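Colleague: Please take me closely through one part of this model. Then tie that part to the rest of the chain.

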Amino acid sequence: MTIQEHVPNQLGYADTPIVPETGFRVHDRTRPQPPVVTPGRHPGNAPSDAHVLFDGHSLAGWTSVRSGGPAEWHIVDGAMEVVPKTGDIQSTHVFGDCQLHIEFRSPELVKGHGQGRGNSGVFLMGVYEIQVLDCFDNPTYPDGTTGALYGQYPPLANVCHTPGEWSGYDIIWKAPRFDGEKVVSPAIASVMLNGVVIQNHQALLGITNHKILPAYKAHPSKGPLRLQDHSDLVRFRNIWVREF
Ligand code: MG
């Protein structure tokens, strides 16, 4: 006899009320089981159902935004590093609603200030930037701080490590919905930086821009992850995505 046979109602009930919002009974025994996902061994490691966008060895899954050809950034110590003036790069893999993990490191050698220090960016769907910047003891305009939805919403806290230390974003992303050019529902971002919530289910006002009002422009339901060349030697590693 199995444990489930031994313990009554272990798998649920068939005589409880039906919840109108879900169509299932409370503790419904026929409700589908959640899929099994094997977590990574350590926090930040890719779980079993993740699509790995960068594993530290190859830029094969990345292209130059400018040329459409191979990404021209360098791989250094298991990370990809911006090669200034080669331009942004983007993943060949495209996705919409997702969970994204990405780690970044601003240069150990501190130079520049404000937006000129360790600047890069993580662009969801190629157009919505979550700012990457070295804001350790480096004030700048709040909606351009590390973890800002650039030009729209500052992060809820400044959680920067000291320069040269690795940081990690964990992002939960809901893509905007369009009906033709009309926005049916906006993009929504929740972001953790180094384990601290810095964007809490924040609706975006449109695509990222500089010094002008944000506005939406309709695009396909899936898009690439784009990383910014802002001429600083920022590195990225351990990039993976789980699509919803
Ligand atoms: Mg940037």
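**The metal site and its surroundings**

Modeller: Start with the contacts (heavy atoms within 4.5 Å). Of those in the chain between residues at least 6 apart in sequence, 62% join residues at least 24 apart. This is a predicted model, in which local features need pLDDT of at least 70 and side-chain atom pairs pLDDT 80 or more, while totals for chains, interfaces and linings use all residues. Residues are numbered from 1 along each chain as its sequence is written, and side-chain values use heavy atoms, with hydrogens and water left out.

Now the metal. The magnesium ion is held by Asn119 through OD1, Ser120 through O, Glu129 through OE, Gln131 through OE1 and Gln228 through OE1. The distances run from 2.2 to 2.4 Å. Donors are N, O and S atoms within 2.8 Å of the metal, or 3.2 Å for Na, K and Ca. Because water is not among the atoms, such sites may look incomplete. Along the chain, the donors of the magnesium ion have the spacing N-S-x8-E-x1-Q-x96-Q. Read that pattern against the sequence: Asn119 and Ser120 open the list, and Gln228 closes it. Ser120 and Glu129 are both buried, that is, under 20% relative accessible area, with exposed meaning over 50% and partly exposed in between (1.4 Å probe, protein chains only).

Next, the chain that carries the site. It has one helix and 15 strands; these are DSSP runs, H or I of at least four residues for helices and E of at least two for strands, numbered from the N terminus. The C-alpha atoms fill a box of roughly 65 × 40 × 40 Å along the principal axes. Of the 244 residues in the chain, 43% are buried. The accessible surface comes to about 13300 Å², and carbon and sulfur atoms account for 56% of that surface. It was computed with the Shrake-Rupley method and a 1.4 Å probe.

Then the empty space. The whole structure yields one cavity of 30 Å³ or more. A cavity is a set of points on a 1 Å grid over the protein atoms alone where a 1.4 Å probe fits but cannot get out. The largest cavity encloses about 80 Å³. It is lined by 14 residues, and Phe104, Ser106, Leu133, His161 and Ser167 are the closest to its centre. A lining residue has an atom within 4 Å of a point.

Now the early strands. Phe54 sits in strand S1, residues 51-54. Phe54 counts as buried because its relative accessibility is 1%. Setting aside residues up to four places away in sequence, Phe54 touches Leu59, Trp62, Ile75, Gly78, Ala79, Met80, Phe236, Arg237, Asn238 and Ile239. Tyr153 is 99 residues from Phe54 in sequence, and their C-alpha atoms are 28 Å apart.

Ile75, one of those partners, belongs to strand S3, residues 74-76. Its relative accessible area is 35%, so Ile75 is partly exposed. Beyond four places in sequence, Ile75 touches Phe54, Gly56, His57, Ser58, Leu59 and Met80. Ser58 is 17 residues from Ile75 along the chain, at 7.5 Å between C-alpha atoms.

Strand S2, residues 62-64, holds Thr63. Thr63 counts as buried because its relative accessibility is 18%. Its contacts, leaving out neighbours within four places in sequence, are Gly68, Gly69, Pro70, Ala71, Asp88, Ile89, Gln90 and Thr92. Thr63 and Tyr141 are 78 residues apart along the chain, with 31 Å between their C-alpha atoms.

Last, the loops. Most residues other than glycine have a negative phi. Lys85 has a positive one, near 75°. Lys85 lies in the loop between strand S4 (79-81) and strand S5 (89-91). Its relative accessibility is 63%, so Lys85 counts as exposed. Asn194 has a positive phi too, near 50°. The loop with Asn194 runs between strand S12 (188-193) and strand S13 (196-203). Asn194 is partly exposed because its relative accessible area is 26%.

Terms used
On a 1 Å grid over the protein atoms alone, a cavity is a set of points where a 1.4 Å probe fits but cannot get out, and a pocket is an open set with protein on both sides within 12 Å along at least five of seven lines; lining residues have an atom within 4 Å of a point. Grid points are joined across faces, edges and corners, and a volume is the space filled by probe spheres set on the points.
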